[in-house]
Amino acid sequence: MTEMSALYGRALYALAQETHKEEIFLTQLRGTLSILRQVPDYMRLIANRAVPKAERLSLLDEAFGGRVEPDFLSFLKLLCEHGLFLSVEKCVDAFVEAYHADHGIVRATAISSVPLDEGRLTRLHQALEKKAGKQVELSVKVDPSVRAGMRVEMEGIRYDNTLSSRMERLRHALTEGTLS
């Protein structure tokens, strides 16, 4: 994350706090980012300084005016005006980090070879919250190369219970003679 995008993201969070709209901004940030990811050409157009600034700002008004909080739209326009629109994702990351820090939330990512059913997902989420002692925002990714088991990353720690890691531990135990 660039220092400038982190600064803008934290500034937006400070504004959201002042106006008591943290959850609204968080929802709008995620929704807007999702839309922008689906239309990368739009992002490049808004960031293109060869297009007159007034036209780019007008495009933002057309796309988001009346659909998002006015302060949030002003933030998007500010990014456009300062040539930082392509950094919007990093600004969102900084906003989310600040939000999570204030609300005692940690991020966790689970990687499994197959999609998890609701029951297993719920049990995993509860176990992670118990381990962290905090609210956990869990994202799940499917990666067929995992083969079997699951790998979880949370608070900078990797919990690896994949077949390959179990086989590696067994191999290590056999070569070190620690297997009983």
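Biologist: Is Glu 153 buried, partly exposed or exposed?

Modeller: The idea is to take the relative accessible area and see which class it falls in: under 20% is buried, over 50% is exposed, and in between is partly exposed. This is a predicted model, by the way. Here Glu 153 has a relative accessible area of 33%, so it counts as partly exposed.

Biologist: Which side chain does Glu 153 meet in a salt bridge?

Modeller: You look for a side-chain nitrogen of Lys or Arg within 4 Å of a carboxyl oxygen of Asp or Glu. Glu 153 meets Arg 158 that way, at 2.8 Å from N to O. Arg 158 comes out at 51% relative accessibility, so this partner is classed as exposed.

Biologist: How many salt bridges does the count come to?

Modeller: That rule gives nine salt bridges. One of them joins the side chains of Arg 37 and Glu 89, with 2.5 Å from N to O. Arg 37 belongs to helix H2 and Glu 89 to helix H6, so this pair ties together parts 52 residues apart in sequence. Glu 89 has a relative accessible area of 34%, so call it partly exposed.

Biologist: Which salt bridge involves Glu 137 and what is its N to O distance?

Modeller: Glu 137 pairs with Arg 30, and their side chains meet at 2.8 Å, N to O. Since Glu 137 sits in strand S2 and Arg 30 in helix H2, the pair ties together parts that are 107 residues apart in sequence. Both ends have some accessibility: Glu 137 is partly exposed at 28%, and Arg 30 is partly exposed at 35%.

Biologist: Which residues are linked with Glu 137 in a network of salt bridges?

Modeller: Look for charged residues that are joined up by such bridges. In this model, Arg 30, Arg 107 and Glu 137 are linked in a network.

Biologist: Now the pocket. Which residues lie nearest the centre of the largest pocket?

Modeller: To read a pocket, ask what lines it and how much space it holds. The largest one has 14 lining residues, and nearest its centre are Arg 30, Asp 93, Val 96, Arg 107 and Glu 137. Helix H2 (22–38), helix H6 (88–103), strand S1 (105–112) and strand S2 (135–142) each give two or more residues to that lining. Its volume is about 290 Å³. Sorted by class, the lining holds six charged, five nonpolar and three polar residues.

Biologist: And the sheet: in what order do the four strands stand?

Modeller: Follow the strands from one neighbour to the next. They make an open sheet in the order S2-S1-S3-S4, with mixed pairing. S2 and strand S4 (157–162) stand at the edges with a single partner each, so one side of each has no neighbour in the sheet. From one strand to the next, the twist averages 15°.

Biologist: How many bridges join S1 to S3, and in which sense do they run?

Modeller: Check how the two strands are directed, then count the bridges. S1 and strand S3 (residues 149–154) run antiparallel, joined by five bridges. Try spotting Ala 108, which stands opposite Met 154 in S3.

Biologist: What links S3 and S4 into a hairpin?

Modeller: Look at what lies between the two strands. S3 and S4 have two residues between them, and in that turn Glu 155 has a positive phi of about 50°. The two strands pair in the antiparallel sense over six bridges. Among the partners, Gly 149 is matched by Thr 162 in S4.

Methods: Residues are numbered from 1 along each chain as its sequence is written. This is a predicted model: local features need pLDDT of at least 70, side-chain atom pairs count only at pLDDT 80 or more; totals for chains, interfaces and linings use all residues. Side-chain values use heavy atoms; hydrogens and water are left out. On a 1 Å grid over the protein atoms alone, a cavity is a set of points where a 1.4 Å probe fits but cannot get out, and a pocket is an open set with protein on both sides within 12 Å along at least five of seven lines; lining residues have an atom within 4 Å of a point. Grid points are joined across faces, edges and corners, and a volume is the space filled by probe spheres set on the points. Ala, Val, Leu, Ile, Met, Phe, Trp, Tyr, Cys and Pro count as nonpolar, Asp, Glu, Lys and Arg as charged, and the others, Gly among them, as polar. Buried means under 20% relative accessible area, exposed over 50%, partly exposed in between (1.4 Å probe, protein chains only). Two strands pair if DSSP finds at least two bridges between them. Axes are lines fitted to C-alpha atoms, for helices over the stretch in contact, and angles run from 0 to 180 degrees between N-to-C directions.
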